[in-house]
Amino acid sequence: MDNRRKKKLTFFTIGLIFLLSGVEYAVILPTIWRYLQTLDAAPYFLGLALSAFSLSGLLSGPLFGHWSDRTRTTKKIILLSNLFEIVGNLMYFMGYSKWLLLSSRLVAGIGAGAGSSIFGFLTRSTAPEDRATVFAAVMACRQAGLLIGPAFNIFLRLCDFHLGHFVVNKYTAPGLFMCLLWILLQLAVVFMYWDLPALERRKTNDREENVHVFGKDEEEGEEEAKPLMGSQELVGSYGSVVVPPASSPCRNHASFTSNTSLNHTSPPLSPETPQNHEGFKFLKNSSLSREYLREEVVVLLAAQFITLFNQTALETMVTPLTQKYFNFGELENSVMYCLGGVVVIAGFLFVRWLSRHVAERVVLAIGLTICNISCIWCLIFLTNPLGGFSWQLTEFIIGVFLQVLGLPFVAVAQVSLFSKVTAEKTQGFSQGVRRSVGGLATILGPLWAGGLTENMYIMMGVMVALLVLLTMMLAFSYSRLVEPAGGQMVNSDNCD
């Protein structure tokens, strides 16, 4: 099988992974509130159950990402993570008690941590100019799952039979259904997924060979090499671009590493370090603070946290709110999530087109503007709905529509920019850090909203304040939200 077909099948399988993650979310979220009520759970347990999934994903994401950085493989990681998804959904189906339900979401969340490895893989196997388009397509797959999931719920709610000692009803059926889907996906990964070679790394290695062959003539012809090193030493960026001269590449690379270590009072590299453990040496060099505490990185991580915090808080609030004001059941909630999925998919398709014509920071600014309008609308109209049923429903629909409309802009822009302003050689770990920040937000968001369903002014007021803070951060750091000159290529493989 040729490499082009392998790449298509691999990307198709990645799309299936994100599709199923969206389906799982969509079939469980509309029914988990009533499911917990049948198990005599207190209202705060809804927030715990939704946060448990994110908690385990927060912890497993960087570990899976670091593993993929060290091995440059993701297939084994995906196969392992899918096992946690299978077991977790099976536990959800069993549902003997509220504690087993809580544990099931913890176990399933471990499987979600593989997303960091997948994003690292996509970063290494795509060109920077195509990255926003690829990320938008992958995220659209998850939103397609959110769209399809409620349709499955329409049929799953009709289940009412026994499977041995287990009851299969509209509350337990989603767990059994997702368990079967993850088993099928496991087979797809085995037969349709390949660990493709890194695109940018191949290009960098070719360039090194050319420099070595042509010697000084090639070195003089490439004017960009000297500015890159000068910028590296003066500005102090993250250090992912180093082009050693042909005369003694390994000696100069060692000298650069030594100077960096002295400047940042970090221990020197050990000569016994294995050659293939690049990601480990990156961490050992004490460069975490240089990598993740830069202004542009902090802004993007803040965007990840605040937007996901607000999104999950509103999602947690939606089901009790619709039950209180509109008497919505499982069917109505499923239809609502289905319609929301249509809006989000349309948004991702538009962002995919828009990212080809404008910079990612412009897309991020547009999305943040929409999110600000959405939160202010919800603060004014949803904290204390006025008018009759039709007017209250209109207020609710507008607020939800604005919220889901702004999500694709912020999501695609921040993940694409993050992949460009962090080092490519540790992209798996970096994506794990980013997803862990998002996981922390999806833990705190439901807990925040679950405890304040009767104090909507406090809940929405804090969310608006966070968005205002993020807007100010974006305004002050707007000029830094660009891809560093020269890209993110790494050429230290042959000198380690």
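A residue counts as buried when its relative accessible area is under 20%, and as exposed when that value is over 50%. Keep those two cut-offs at hand for the exercises below, which work through a predicted model.

**Exercise 1. Classify Phe326 and Phe328 by accessibility, then describe how their rings are arranged.**

Step 1. Phe326 has a relative accessible area of 9%, so Phe326 is buried.

Step 2. Phe328 comes out at 16% relative accessibility, and therefore counts as buried.

Step 3. For the rings, planes under 30 degrees apart count as stacked, over 60 as edge-to-face and the rest as tilted.

Now compare with a pair in helix α14. Phe305 and Phe309 both lie in this helix (residues 295-325), four residues apart, about one turn of the helix. The rings of Phe326 and Phe328 have centres 5.5 Å apart and planes at 40°, so this pair is tilted.

Step 4. A search of the whole structure gives 15 aromatic pairs. One of them is Phe305 with Phe309, at 5.9 Å centre to centre and 20° between the planes, which is a stacked pair. Phe305 and Phe309 are both buried.

**Exercise 2. Which two residues other than glycine have a positive phi, and where are they found?**

Step 1. Asp40 has a phi near 60°, a positive value in a residue that is not glycine. Asn327 is also not a glycine, and its phi is positive at about 55°.

Step 2. Asp40 is found in the loop between α1 (3-38) and α2 (44-71). Asn327 is found in the loop between α14 and α15 (330-354).

Step 3. With a relative accessible area of 65%, Asp40 is exposed. Asn327 counts as exposed because its relative accessibility is 62%.

**Exercise 3. Describe the surroundings of Ile77.**

Step 1. Start with the backbone: Ile77 lies in helix α3 (residues 75-94).

Step 2. Its relative accessibility is 0%, so Ile77 counts as buried.

Step 3. Set aside the neighbours within four places in sequence, and Ile77 is in contact with Phe64, Trp67, Ser68, Ala114 and Ser117.

Step 4. Take Ser117 from that list. Ile77 and Ser117 are 40 residues apart along the chain, with their C-alpha atoms separated by 7.8 Å.

**Exercise 4. How many of the residues of helix α5 are buried?**

Step 1. Helix α5 covers residues 115-125, and 11 of its 11 residues are buried, so this helix is largely enclosed by the rest of the structure.

Step 2. Among the buried residues of α5 are Ser117, Phe119 and Phe121. You met Ser117 as a contact of Ile77.

Step 3. The other two have aromatic partners to look up. Arg434 lies over the face of Phe119, at 5.1 Å from the ring centre. Phe121 forms one aromatic cluster with Phe11 and Tyr193.

Step 4. For another charge over a ring, look at Arg142, which lies over the face of Tyr25 at 5.4 Å from the ring centre.

**Exercise 5. At what angle does helix α17 pack with α14, and at what angle with α6?**

Step 1. Helix α17 (residues 389-421) packs with α14 at an angle of about 155°, with their axes 10 Å apart. Angles over 145 degrees count as roughly antiparallel, so α14 is roughly antiparallel to α17. The crossing of these two helices, α14 and α17, is left-handed.

Step 2. Helix α6 (residues 128-156) packs with α17 at about 135°, and their axes are 9 Å apart. That angle makes α6 oblique to α17. The crossing of α6 and α17 is right-handed.

Step 3. Locate the contact in the viewer. On α6, the contact is made by Pro128, Arg131, Ala132, Phe135, Ala136, Met139 and Gln143. On α17, it is made by Leu407, Ala411, Val412, Val415, Ser416, Ser419 and Lys420.

**Exercise 6. Give an overview of the protein: its secondary structure, its burial and its contacts.**

Step 1. The protein has 19 helices and two strands.

Step 2. Of its 496 residues, 54% count as buried.

Step 3. Consider the contacts with a separation of 6 or more: residues 24 or more positions apart account for 82% of them.

Notes
Residues are numbered from 1 along each chain as its sequence is written. This is a predicted model: local features need pLDDT of at least 70, side-chain atom pairs count only at pLDDT 80 or more; totals for chains, interfaces and linings use all residues. Side-chain values use heavy atoms; hydrogens and water are left out. Buried means under 20% relative accessible area, exposed over 50%, partly exposed in between (1.4 Å probe, protein chains only). Contact means heavy atoms within 4.5 Å. Rings of Phe, Tyr and Trp (its six-membered ring) pair if their centres lie within 6.5 Å; planes under 30 degrees apart count as stacked, over 60 as edge-to-face and the rest as tilted. A charge sits over a ring if NZ of Lys or CZ of Arg is within 6 Å of the ring centre and within 35 degrees of the ring normal. Axes are lines fitted to C-alpha atoms, for helices over the stretch in contact, and angles run from 0 to 180 degrees between N-to-C directions. Angles under 35 degrees count as roughly parallel, over 145 as roughly antiparallel, 65 to 115 as roughly perpendicular and the rest as oblique. A crossing is left-handed if the near helix is turned anticlockwise from the far one by less than a right angle, and right-handed if clockwise.
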